[in-house]
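This report describes a strand-and-helix arrangement and one residue within it. The sequence and structure are shown below.

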Amino acid sequence: MLAQITRAARGTQRALVDLLFPPRCVACQQPGDWFCAACRATIEWIPAPVCNLCGRPLTKPRCTFCLQHPPQMDGIRAVAFFEHHLREAIHAFKYAQRTELAPTFGALLSARLASLAWRADALIGVPLHPAREQERGYNQAHLLAVALGAHRRIPVWRDALQRVRATQPQVEQTNAAERRANVQDAFLAQARVTGAHIVLIDDVCTTGATMEACSVALKQRGAQKVWGLALARPRLD
């Protein structure tokens, strides 16, 4: 109840501020939109070809990362590189309460999902630990899933997957092995996912360790297929 009151208060406060000070682009500060068309035009999309499993751009016939780290899910894709204006916009969305960006990001995710031959019975935003979600006031991945679901008319299962162990932020881990260890056994899925084809949604995917940990939990509960779709990913070697 306290978390709901806090979120409502924050929403009312933002509405009053927006009334007095109309939206400005979170990247360039120009008035009119939270993420203006000029800044959206600078987004660098993930180019084809990509690895069918991890979604990294391919520079060789076979993905060397997947050869060394076989994925625990059916595939991961991202919309664009986590750079420049898009990175600024995602940071504002994630850390500065600019939840108004969710519909814009949802449209980007929708266009990417439409290009994939994935069956999606449900969308699940990668869950935060309850303590962290209460501190932040919202789960940005769930907001992205809701925005995408509205575009594609796909249900969002908020409570089908929980983060049951508090973990350190993945950004603080220095390599893929540390990221995998940090989120191992951190998630628990509910029986309703049995037989389902699920698309996990997150804002940023780096090594894919968090989505893979989610996939393990979902498949242990009987999910048939699990894919991951992220708004952005860093440019990795």
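Asp203 is buried, with a relative accessible area of 2%; buried means under 20% relative accessible area, exposed over 50%, and partly exposed in between, for a 1.4 Å probe and protein chains only. Asp203 belongs to strand β5. Apart from residues up to four places away in sequence, Asp203 touches Ile90, Lys94, Gln140, Leu144, Ala230, Leu231 and Ala232, where contact means heavy atoms within 4.5 Å.

The model is predicted, and local features need pLDDT of at least 70, side-chain atom pairs count only at pLDDT 80 or more, and totals for chains, interfaces and linings use all residues. Residues are numbered from 1 along each chain as its sequence is written, and side-chain values use heavy atoms, with hydrogens and water left out.

Helices (H or I, at least four residues) and strands (E, at least two) are DSSP runs, numbered from the N terminus. Two strands pair if DSSP finds at least two bridges between them. An open sheet of 4 strands follows the order β1-β6-β5-β2, with parallel pairing. β1 and β2 (122-125) stand at the edges with a single partner strand each, so one side of each has no neighbour in the sheet. From one strand to the next, the twist averages 20°; axes are lines fitted to C-alpha atoms, for helices over the stretch in contact, and angles run from 0 to 180 degrees between N-to-C directions.

Strand β6 (residues 225-233) is mostly covered, as 8 of its 9 residues are buried. The table lists its parallel pairings.

| Strand paired with β6 | Bridges |
|---|---|
| β1 (residues 75-81) | 6 bridges |
| β5 (residues 197-204) | 7 bridges |

Within β6, Leu229 is the bridge partner of Arg77, and Lys225 stands opposite His197.

Two helices lie against these strands. Helix α7 (residues 140-152) lies across β2, β5 and β6 and runs at about 125° to β5. Helix α9 packs on the sheet, where it touches β1, β2, β5 and β6, and its direction makes about 160° with that of β5. β5, helix α9 (residues 209-220) and β6 form a right-handed β-α-β unit; right-handed means that, with the strands pointing away from the viewer, the path from the first strand over the helix to the second runs clockwise.
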